[in-house]
Amino acid sequence: MLGINRSGLYYKPRVNHAKQTIKSHITKVFEQIPIYGEKKVHQQLLEDGVKVSLNTVARYRQELDLKAVLTVKQVNTTIPIKEHKKYTYKLRGLNISHANHVWSTDITYIKIAGGMVYMAVVID
């Protein structure tokens, strides 16, 4: 009459202890060496005597939201290079009064989940 399923009332979920120990071991390896990726963590687990596949390590790391901290220095494109020629701003003082008087372009890229998307813009 109430629309409640009896099996839901008596069900006790089972805890997978092997999965929990592997996850805790992966977390411990991540805390010790956060630059390790999936392959290195998998290798470390095998050396420690834990038999697990690479795909399982990758899935558990994704579930735990653990990502390798990269030590690679990012390229800073905002700092000017002294050897490059600087061009003066040609539109300073120009009265832009109608369409097709001044044109500008820009090309940039946007990171998305599947890779990169290049965007080209023409501004009138």
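H42 sits in helix α3, which covers residues 38-47; helices here are DSSP runs of H or I with at least four residues, numbered from the N terminus. Keep in mind that this is a predicted model, where local features need pLDDT of at least 70, side-chain atom pairs count only at pLDDT 80 or more, and totals for chains, interfaces and linings use all residues. Residues are numbered from 1 along each chain as its sequence is written, and side-chain values use heavy atoms, with hydrogens and water left out.

Back to H42: its relative accessibility is 16%, so H42 counts as buried. Buried means under 20% relative accessible area, exposed means over 50%, and partly exposed is in between, using a 1.4 Å probe and protein chains only. What does H42 touch, leaving aside its neighbours within four places in sequence? The residues in contact with H42 are V52, S53, L54 and V57, where contact means heavy atoms within 4.5 Å.

Now move to helix α4, where you will find R61. With 4% relative accessibility, R61 counts as buried. Its contacts, again without the neighbours within four places in sequence, are I26, F30, Y36, G37, E38, V41, L66, K67 and A68. For one of these, V41, there is also a backbone distance: the C-alpha atoms of R61 and V41 are separated by 9.6 Å, with the two residues 20 apart along the chain.

Let us turn to the charged side chains. How many salt bridges does a search of the whole structure find? The search finds two, a salt bridge being a side-chain nitrogen of Lys or Arg within 4 Å of a carboxyl oxygen of Asp or Glu. In one, the side chains of E63 and K19 meet at 3.8 Å, N to O. E63 lies in helix α4 (residues 54-64) and K19 in helix α2 (residues 17-32), so this pair ties together parts that are 44 residues apart in sequence. E63 has 42% relative accessibility and counts as partly exposed, and K19, at 25%, counts as partly exposed too.

E63 also meets the side chain of K23 in a salt bridge, at 2.7 Å, N to O. Because K23 belongs to helix α2 and E63 to helix α4, the pair links parts that are 40 residues apart in sequence. Through shared partners, the salt bridges join K19, K23 and E63 into one network. Is K23 buried or exposed? At 14% relative accessibility, K23 counts as buried. K23 has another partner to look at: it lies over the face of Y60, at 5.7 Å from the ring centre. For a charge to sit over a ring, NZ of Lys or CZ of Arg must be within 6 Å of the ring centre and within 35 degrees of the ring normal.

Staying with rings, a search of the whole structure finds one aromatic pair. Y109 and Y118 form this pair, which is tilted, at 6.2 Å centre to centre and 50° between the planes. Rings of Phe, Tyr and Trp (its six-membered ring) pair if their centres lie within 6.5 Å; planes under 30 degrees apart count as stacked, over 60 as edge-to-face and the rest as tilted. Y109, at 46% relative accessibility, counts as partly exposed, whereas Y118 is exposed, with a relative accessible area of 64%.

Finally, look at L9 in helix α1, residues 6-10. At 59% relative accessibility, L9 counts as exposed.

Definitions and conventions
Helix = DSSP H or I, 4+ residues; strand = E, 2+ residues; numbered from the N terminus.
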